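Hi,

Here is the structure I promised to pass on. Have a look at it first, and then read my notes below.

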Amino acid sequence: MKTKVGVLVMSYGTPESLDQVEAYYTHIRRGHAPSPEQLKELRDRYEAIAGGVFPLRQNTDRQVQSLQATLNRENRNPDIEFVCYQGLKHAKPFIEDGVEAMVQDGIRTAVGVILAPHYSVMSVGTYIKRAQAKAQELGLSISFVESYHLHPKLIKTLTERVNAKLALFEEVGAKRDEVRVLFSAHSLPERILAMGDPYVDQLMATSQAVADKAGITNWQFTWQSAGRTAEPWLGPDILDTMHSLKEEQVEYVLAAPVGFVSDHLEVLYDLDIEAQALAKELDMRFQRIDSLNSDPLYMETLSDVIIDQWKKG
Ligand SMILES: CC1=C(CCC(=O)O)c2cc3nc(cc4[nH]c(cc5[nH]c(cc1n2)c(C)c5CCC(=O)O)c(CCC(=O)O)c4C)C(CCC(=O)O)=C3C
Ligand SMILES: [Fe+2]
């Protein structure tokens, strides 16, 4: 009989229906309910992306399924079998539920991975902390993949996506080097800088690696989707960046949100609706690269780093 190795696949989580948006938002706000205005604003954004469909849920389900198949295909150790469990930060099944399910299934050792390539103590760090605490409580031995932002297969597939959209621009008459590529990621509060957090450096490294592989020099990095709180967040925001590009007379813009791995609100609303509307207003041509979702090279990236982490223990 093969020994089962658990894989806790962690992701942000999303509501299942518009009714659940309030509970979800309250969880993100650490138990503080949003004001009616804040709630309406968030519900409106979900309604705008696909009439209240929550694509992140289905995308995460597919990623987890597809990762399990990839892991068991790539695994060269005949004595073990990988079994994936989902653990979400702000929705069911929560991270703690995933750990509990493994233990109930008799799993003794596990690896945790997050569906986000870049480490920050405020993002990936909090997923790991919660999983570790629950695992300790239940006596499960678990270790974690902290980041995989320079994995060659990740860089390769992101580069192919950039090249595919640059080719589309060329079809409408733009020269490849006239397109400004905007690499982006979710902003975080500025205070991560004083904490020596690797988030910014890792994002710059991914962007530089993709730019090098695609052979592009007309690019920059910008933030997006900053939270609606009083404290300062990392900037410049993509909308401000686009205003500056207008002044530079840039006409063609390609958004490459390398901090995200799935179609969800931050991509489908903040880029496809909000940034796209601004581009129209500024008379710019704006595109974005396709999200990774269950891309085979992304699945292999995850499978490689999980198998390596499992060998290390
Ligand atoms: C680093 C990071 C990632 C990327 C890494 C990762 O994936 O983990 C990410 C992803 C996501 N963020 C998401 C949604 C939201 N994030 C919010 C608020 C916040 N995000 C934060 C950080 C991040 N968020 C932070 C510091 C806050 C402030 C509150 C707090 O300190 O936690 C809010 C509240 C309202 C607002 O501010 O917009 C919403 C609705 C969705 C799901 C979208 C969907 O359902 O389709 C996804 C994938
Ligand atoms: Fe967020």
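Asp212 sits in helix α7. Is Asp212 buried or exposed? Its relative accessibility is 52%, so it counts as exposed, since the cut-off for that is over 50%. If you go back 45 residues along the chain from Asp212 you get to Ala167, and the C-alpha atoms of these two are 17 Å apart. Keep in mind while you browse that this is a predicted model.

Now for the helix that α7 packs against. Helix α6 covers residues 152-171 and helix α7 covers residues 199-214. Their axes are 9 Å apart and make an angle of about 60 degrees. What do we call a pair arranged like that? The two helices are oblique to each other, because about 60 degrees falls outside the ranges for roughly parallel (under 35), roughly perpendicular (65 to 115) and roughly antiparallel (over 145). The crossing of α6 and α7 is right-handed.

Which residues make the contact between α6 and α7? On the α6 side they are Ile155, Lys156, Leu158, Thr159, Val162 and Asn163. On the α7 side they are Thr206, Ala209, Val210, Lys213 and Ala214. Sorted by class, that contact has six nonpolar residues, three polar ones and two charged ones.

Next, the sheet. Four strands make up an open sheet, and if you walk across it you meet them in the order β6-β5-β7-β8, with parallel pairing. The edges are β6 (219-224) and β8 (285-288), each of which pairs on one side only. From one strand to the next, the twist averages 25 degrees. Helix α7 turns up here again: it packs on the sheet and touches β5 and β6, and its direction makes about 140 degrees with that of β6. Another helix, α10 (residues 270-281), lies across β6, β7 and β8 and runs at about 170 degrees to β8.

Do spend some time on strand β7. How many bridges join β5 to β7? There are five between β5 (residues 179-186) and β7 (residues 252-256), and the two strands run parallel. Two of the pairs to look for are Phe183 with Ala256 and Leu182 with Ala255. With β8, strand β7 pairs over four bridges, in the parallel sense once more. Ala255 is worth clicking on, as its bridge partner in β8 is Arg288.

Why is β7 described as largely enclosed by the rest of the structure? Five of its five residues are buried, so that description follows. Tyr252, Leu254 and Ala256 point one way from the strand, while Val253 and Ala255 point the other way, and all of them are buried.

One last stop is Ile80, in strand β2 (residues 80-88). Its relative accessibility is 6%, so Ile80 counts as buried, the limit being under 20%. Lys2 is 78 residues away from Ile80 in sequence, yet the C-alpha atoms of the two are 4.8 Å apart. What else does Ile80 touch, leaving aside its neighbours within four places in sequence? Along with Lys2, its contacts are Thr3, Val5, Asn75 and Trp310.

Happy exploring, and shout if anything is unclear!

Definitions and conventions: Residues are numbered from 1 along each chain as its sequence is written. Chains are lettered from A and ligands numbered from 1 in the order in which they are written. This is a predicted model: local features need pLDDT of at least 70, side-chain atom pairs count only at pLDDT 80 or more; totals for chains, interfaces and linings use all residues. Side-chain values use heavy atoms; hydrogens and water are left out. Axes are lines fitted to C-alpha atoms, for helices over the stretch in contact, and angles run from 0 to 180 degrees between N-to-C directions. A crossing is left-handed if the near helix is turned anticlockwise from the far one by less than a right angle, and right-handed if clockwise. Contact means heavy atoms within 4.5 Å. Ala, Val, Leu, Ile, Met, Phe, Trp, Tyr, Cys and Pro count as nonpolar, Asp, Glu, Lys and Arg as charged, and the others, Gly among them, as polar. Buried means under 20% relative accessible area, exposed over 50%, partly exposed in between (1.4 Å probe, protein chains only). Two strands pair if DSSP finds at least two bridges between them.
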